[in-house]
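Here's a walk through the model on your screen, one region at a time. Keep the 3D view open and follow along.

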Amino acid sequence: MPTKPILSPINVLKGKIPDEKSGIEVRKTICSICNPISHCGIDAYVKDGVVIKVEGTRENPHNAGTLCSKGAANRQYIYHPDRIMTPLIKKGDRNSGQFEPISWEEALDIIGERLLRMRDESGPESVVFYAGFPKWMRPFLKRLAHSFGSPNYCSESSTCSAGALLASKLNYGAAARPELPKCRCLLVWSTNPFYSNTSAVRKLLDVMEKGIKVIEVGPLITPLTSHADIHLRIRPGTSGALALGMACVIIEEGLHDQEFVEKWTVGFDEYRAYTGEFTLARTSEITGVPSDLIVKAARLYATTKPAGVLNGPNATVHHTNGVQNHRAITALIGLTGNFDREGGNYLVPPSYLYVVNGLTTRQQAFEQSRPWDEMPPRVGEDLYPVWCRLIPEAQAIHLPFQIRSGKPYPIRAVMGFGMNHRMWPGSDHMRESLKMLDFLVDVDLFMTDTARLADLVLPACTSFERSELKFYPEQHVIWTGPVIEPLGESRPDADIIFDMAARLAPEDPLLKKGYKECVDWILKPTGLKVDDLKRYPSGYTLKDIPMPPYRKYEGRGFDTPSGKMEFTSTVLEEAGIDPLPRFKEPGLSPWSTPEVAGEFPLILTTGARLPIYVHSRTFRLPWIRRLRPDPMVDMNPVDAQHRDLSPGDWVELSTQRGKVRVRANLTEIVPPGTVNIFHNYPGADINKLIEPDYLDPISGYPGFKSLLCEIRKAS
Ligand SMILES: Nc1nc2c(c(=O)[nH]1)N[C@H]1C(S)=C(S)[C@@H](COP(=O)(O)OP(=O)(O)OC[C@H]3O[C@@H](n4cnc5c(=O)[nH]c(N)nc54)[C@H](O)[C@@H]3O)O[C@H]1N2
Ligand SMILES: Nc1nc2c(c(=O)[nH]1)N[C@H]1C(S)=C(S)[C@@H](COP(=O)(O)OP(=O)(O)OC[C@H]3O[C@@H](n4cnc5c(=O)[nH]c(N)nc54)[C@H](O)[C@@H]3O)O[C@H]1N2
Ligand code: SF4
Ligand SMILES: [Mo]
């Protein structure tokens, strides 16, 4: 009997087989739904200009063909009905939420005209340039801000990894990451890469298979916990006390690196005296960690050489004493002689967009087209001088306060790229502050609640529709090409920035040359060129990149005022702040505010990452949303029993500032007495329940991870 050939045109099409018959072509791009160190390689199956399927790129050494659930849902992200298709201008009243389409030319002219007028009337500093979690456009946006004359470029880094960087800079002048394959002991201090950085976990598991020792610190049980030799389950907000208690054991038992401490540190005597206050009994009482585990962990970390500390971007600094907590943690690295040593915390400066791979680019020189002393002070500079001394941005968390006070100078306009007011503590306070501006522009993929507040909304396109430079830690580099045309009239952020530059900073010699030429300028020291990279659509793995030597401080000292590692920080002392990494109770806790704890007895930590959600981004994707359709709070069954709650019950989670309605997820992932909730749930915004001024006084970081709340069955 004649049978139809298996590879008939219709079957190749049904099977989505790339082929001339099916008209399907595989084109290479990257996924940019989550963090910049991931951005997995994507094989986009394209037919008639439409992505019909996605797979992970096998030859991309970072994800090696894999994709997570979010990445697999990329088509729902790219083709979502919430995508903005044309530039939009507010119709009628400012608060109407109604828009009408306008042309790009008109929109850009309005922006140019209004911002230049404000610069004449109120100074360039009255205009703020902001980037949310998206990062690829940042170097260009920052340069545009400075060339326009405004010191006020700021970003989501005001709540993300810069706080931990600040703390490490105070101690060492830089932050150093563990040299993973060579560590023999890893102290994982509050990070959960299994959820937050899935594509990097394979490497972590490979190292663990070699039998290295793992100590995990953090209040939650994570997928790492079952692999860890020791889990120190601290009460949220007490990392600093635990680190000081561990230091006390290490020093008292003589396990510290005496030679390094004598030769390369300042302030050791004061530090030693201070750690002496963190006896086992006291440390255990503060942190909730049993004394024997503290001793075991301190000995294991200090005696297994080399050892690395792997800390998360921010779980240690999202506290009202975050910077000092993080200083206490990272002080352990120098104390044990593991700083910038082989297999310890190895210092390699970032190459491009937060990725460390050994290459040196001119990103920083590109971004800062004008020195700080030629510009007015930044937003937050009066309150957070240490932040402004060490982090080259304004402090965005202070923005709503300065919009309201007009002090020390008025803020009139914000030009936002991917702005989400729900990132701020007191998100309603931020929202109302944005309404007080004379002019708000938001560039986003989707019509978000923040975009609805804007006077002008500009449509950006996704990574599938643009070209960008991407570095990977695996010394892989890609210049991506668009795999489909931008949807509607949406455009790459970079193109929008360069068109704005033509209006706002026409004399900037580099911006005037265009996007690709600017990237070439940044890449110059690497010898790479965009045109050469274009020949490798799935990227190019560099060979024989010379890595910097270990113990660089022996040649040039530390990049601190004393040239040494500082147990007592000169920068803090000069700012009138306690130079020791002094522990303080969180602003809200059963110990610091027992009166509040009477009514709100549960400790609240927010924002621990979930594998399926990325901040505000993936709730709108049906494949993802149905995995957890309702907002949920993690609660220990013991606490639920006291409140007569059953799994899945609707509850009211309340703080002194308000309440949200969520479902109870009864789980032993959280210890009794502590509850955890993801941020950004539509309809259950936890940041509305946090005071806008619940902040670390050194960094301005919000105390997102140590608060107080109560939970009751919802009526
Ligand atoms: N899927 C997904 N991935 C993401 C993101 C996302 O939203 N979704 N966001 C990205 C971003 S921007 C970031 S910054 C990273 C964050 O990445 P991670 O830092 O790895 O993630 P978290 O889950 O916030 O924190 C990890 C651990 O911190 C501990 N922790 C919680 N509260 C406290 C506390 O009060 N004190 C201390 N010391 N530890 C605490 C918990 O035990 C938790 O397991 O993830 C990135 N990756
Ligand atoms: N309670 C609590 N709050 C937190 C945290 C917490 O742990 N707890 N974590 C904090 C941290 S670490 C972070 S990083 C922030 C998250 O920072 P947010 O900036 O709030 O992060 P997102 O919601 O992912 O992204 C903001 C917007 O960028 C848009 N976007 C995505 N891609 C692009 C693009 O290519 N171009 C443009 N123009 N727009 C794009 C998205 O659609 C979204 O509207 O939240 C902080 N807030
Ligand atoms: S881990 Fe998932 S969301 Fe993140 S870049 Fe890779 S595929 Fe995309
Ligand atoms: Mo972050």
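When this report says two residues are in contact, it means that heavy atoms of theirs sit within 4.5 Å of each other. One more thing before we start: this is a predicted model.

## Thr560 and its loop

Let's try that definition on Thr560. Leaving out neighbours within four places in sequence, Thr560 is in contact with Lys169, Leu170, Asn171, Tyr172, Gly173 and Glu566. You'll find Thr560 in the loop between α22 (553-556) and β21 (565-566).

Is Thr560 buried or exposed? Its relative accessibility is 10%, and since buried means under 20%, Thr560 counts as buried.

## How the chain divides up

The domain assignment gives four pieces: domain 1 (9-78), domain 2 (88-157 + 356-466 + 484-532), domain 3 (177-346) and domain 4 (594-713). Note that domain 2 is written as three stretches of chain, 88-157, 356-466 and 484-532.

Take domain 1 and domain 2 as a pair. Their centres, taken over C-alpha atoms, are 31 Å apart. The contact between them takes 18 residues from domain 1 and eleven residues from domain 2.

## Ligand 1

Which domains each give at least three residues to the shell around ligand 1? They are domain 3 (177-346) and domain 4 (594-713). There are 32 residues around ligand 1, and Ser190, Thr191, Ser196, Arg609 and Tyr613 come nearest. By type, the shell splits into 14 nonpolar, 15 polar and three charged residues.

Now look at the backbone around this ligand. A backbone N or O atom of Tyr613 is 2.6 Å from a nitrogen atom of ligand 1, and a polar backbone atom of Leu610 is 2.9 Å from a nitrogen atom of the ligand. His615 also has a polar backbone atom in the picture, 3.1 Å from an oxygen atom of ligand 1. On its own, ligand 1 would expose 910 Å², and the protein buries 98% of that.

## Ligand 2

On to ligand 2, with 33 residues around it. Asp444, Asp493, Ser616, Arg617 and Asn687 come nearest. This shell draws at least three residues from each of domain 2 (88-157 + 356-466 + 484-532) and domain 4 (594-713). It divides into 13 nonpolar, 13 polar and seven charged residues.

Which side chain puts an N or O atom 2.7 Å from an oxygen atom of ligand 2? That's Asp444. Arg466 has a polar side-chain atom 2.9 Å from an oxygen atom of the ligand, while Phe133 offers a polar backbone atom, 3.0 Å from an oxygen atom of ligand 2. Taken alone, ligand 2 exposes 920 Å², of which the protein buries 99%.

## Helix α5 and Glu367

Helix α5 (residues 138-148) is mostly covered, with eleven of its eleven residues buried. Among them are the charged names Arg138, Lys142 and Arg143, along with Phe140, Leu144 and Phe148. After α5 comes Gly149, which has a positive phi, near 115°.

Glu367 ties in here. It lies in helix α15 (residues 363-367) and, setting aside neighbours within four places in sequence, it is in contact with Pro139, Lys142, Arg143 and His146. Those four names also turn up among the buried residues of α5. The C-alpha atoms of Glu367 and Leu141 are 8.1 Å apart, although 226 residues separate the two along the chain. Within its own helix, the side chain of Glu367 makes a polar contact of 2.8 Å with the side chain of Gln363. With a relative accessible area of 9%, Glu367 falls under the cut-off, so it is buried.

## Two more loop residues

His80 lies in the loop between α3 (74-78) and β4 (88-90). Neighbours within four places in sequence aside, His80 is in contact with Phe446, Arg620 and Leu621. Its relative accessible area is 11%, so His80 is buried.

What about Asp382, in the loop between α15 and α16 (385-390): buried or exposed? At 52% relative accessibility, Asp382 counts as exposed, because the cut-off for that is over 50%. Its C-alpha is 9.9 Å from that of Lys407, and the two are 25 residues apart in sequence.

Conventions: Residues numbered from 1 in each chain as written. Chains lettered and ligands numbered in written order. Predicted model: local features only at pLDDT ≥ 70, side-chain atom pairs only at ≥ 80, totals over all residues. Heavy atoms only, no water. Near = heavy atom within 4 Å. Polar contact = N/O pair within 3.5 Å; in protein donor to acceptor, adjacent residues only side chain to side chain. Areas by Shrake-Rupley, 256 points an atom, 1.4 Å probe, with all protein chains shown as cover. Domains from an automatic or database assignment. Helix = DSSP H or I, 4+ residues; strand = E, 2+ residues; numbered from the N terminus. Buried < 20%, exposed > 50% of the residue type's maximum accessible area, 1.4 Å probe, protein only.
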